[in-house]
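Hi,

Here is the structure I promised to pass on. Have a look at it first, and my notes on its pockets follow below.

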Amino acid sequence: MRSKHLMTCLAIAASLIAVFTGAWFAAQTDTTIPQATYSEQQWNLIVVNRWNAIPDDYPTPTLTELDNGERVDARIYEDLQRMFDAMRADGLDPEVTAGFRTRKVQRQLMDEKIAEYREQGLSSKDAKEQAEQWVAIPGTSEHEIGLAVDINTRNSTGAADSQDVYAWLADNAWQYGFILRYPSDKTDITGNMYEPWHYRYVGIDAAYAMHGTGQCLEEYTR
Ligand SMILES: [Zn+2]
């Protein structure tokens, strides 16, 4: 009897440990966020945001390196180059200041932001909440799939230096398959603040359609 009782206790303890370990791992890998749907045919339309994490089956992208060392998914490179050529022809001097990022780098960015708020005296819970307003939760950043680029004026010291680049992109990026991913009037739908520098490749057909209707990616793919 006693050994049977002991076995039951051990079994319960083991399953409790399994549950807690599982929860801990889930928290570490942010898999508590449901995964986005990925299809190879519509790779350009994947919706990754704070409610839809990069799926585990998302293939490791083949990357192309830019002159400044930033990298992007090879499939967007040609259109990105065409867009940059057009911007330069219009007298601008743009630069991709952020392309592909590994999960590790995204996590570092988040940790740095949280530390910044902690230094200002916020509790760890509040610091995390504030940081998540500015930095995408690791596993939910479009930079981790290589289809997004932050574009600013080369060597700019602040957003003020890049206003002409942002204006050009807002008017023309759709012609090259890129969309302003986080418009100021769609923050509730995208879950992200307005970012005039962050452009996402969706392909020319989708960008053309979205430009016509004024839809953001979440609306377009619904
Ligand atoms: Zn960005």
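The main thing I'd point you to is where the largest pocket sits: domain 1 (33-101 + 141-220) and domain 2 (104-136) both contribute residues to its lining, so the pocket lies between them. Keep in mind that this is a predicted model.

Now some detail on that one. The largest pocket has a volume of about 530 Å³. Its lining is made up of 31 residues, and those closest to the pocket centre are Arg101, Trp134, Val135, Ala136 and Glu195. Which elements supply at least two residues each of that lining? They are β3 (94-98), α3 (103-119), α4 (124-134) and β4 (148-153). Helix α3 provides the largest share, with five residues. As for chemistry, the lining of the largest pocket splits into twelve polar, ten nonpolar and nine charged residues.

Then there's the second largest pocket, which holds about 360 Å³ of space. It is lined by 19 residues, and Leu180, Pro183, Met210, Gly214 and Gln215 are the closest to its centre. Here the elements that each give at least two lining residues are α5 (163-172), β5 (178-180) and α7 (204-213). And how does the lining of the second largest pocket divide into nonpolar, polar and charged residues? The count is 13 nonpolar, four polar and two charged.

If you only have a minute, start with the largest pocket, between domain 1 and domain 2, and look around Arg101 and Glu195, which are among the residues closest to its centre.

Cheers

Conventions: Residues are numbered from 1 along each chain as its sequence is written. This is a predicted model: local features need pLDDT of at least 70, side-chain atom pairs count only at pLDDT 80 or more; totals for chains, interfaces and linings use all residues. Side-chain values use heavy atoms; hydrogens and water are left out. On a 1 Å grid over the protein atoms alone, a cavity is a set of points where a 1.4 Å probe fits but cannot get out, and a pocket is an open set with protein on both sides within 12 Å along at least five of seven lines; lining residues have an atom within 4 Å of a point. Grid points are joined across faces, edges and corners, and a volume is the space filled by probe spheres set on the points. Helices (H or I, at least four residues) and strands (E, at least two) are DSSP runs, numbered from the N terminus. Ala, Val, Leu, Ile, Met, Phe, Trp, Tyr, Cys and Pro count as nonpolar, Asp, Glu, Lys and Arg as charged, and the others, Gly among them, as polar. Domain bounds come from an automatic or database domain assignment.
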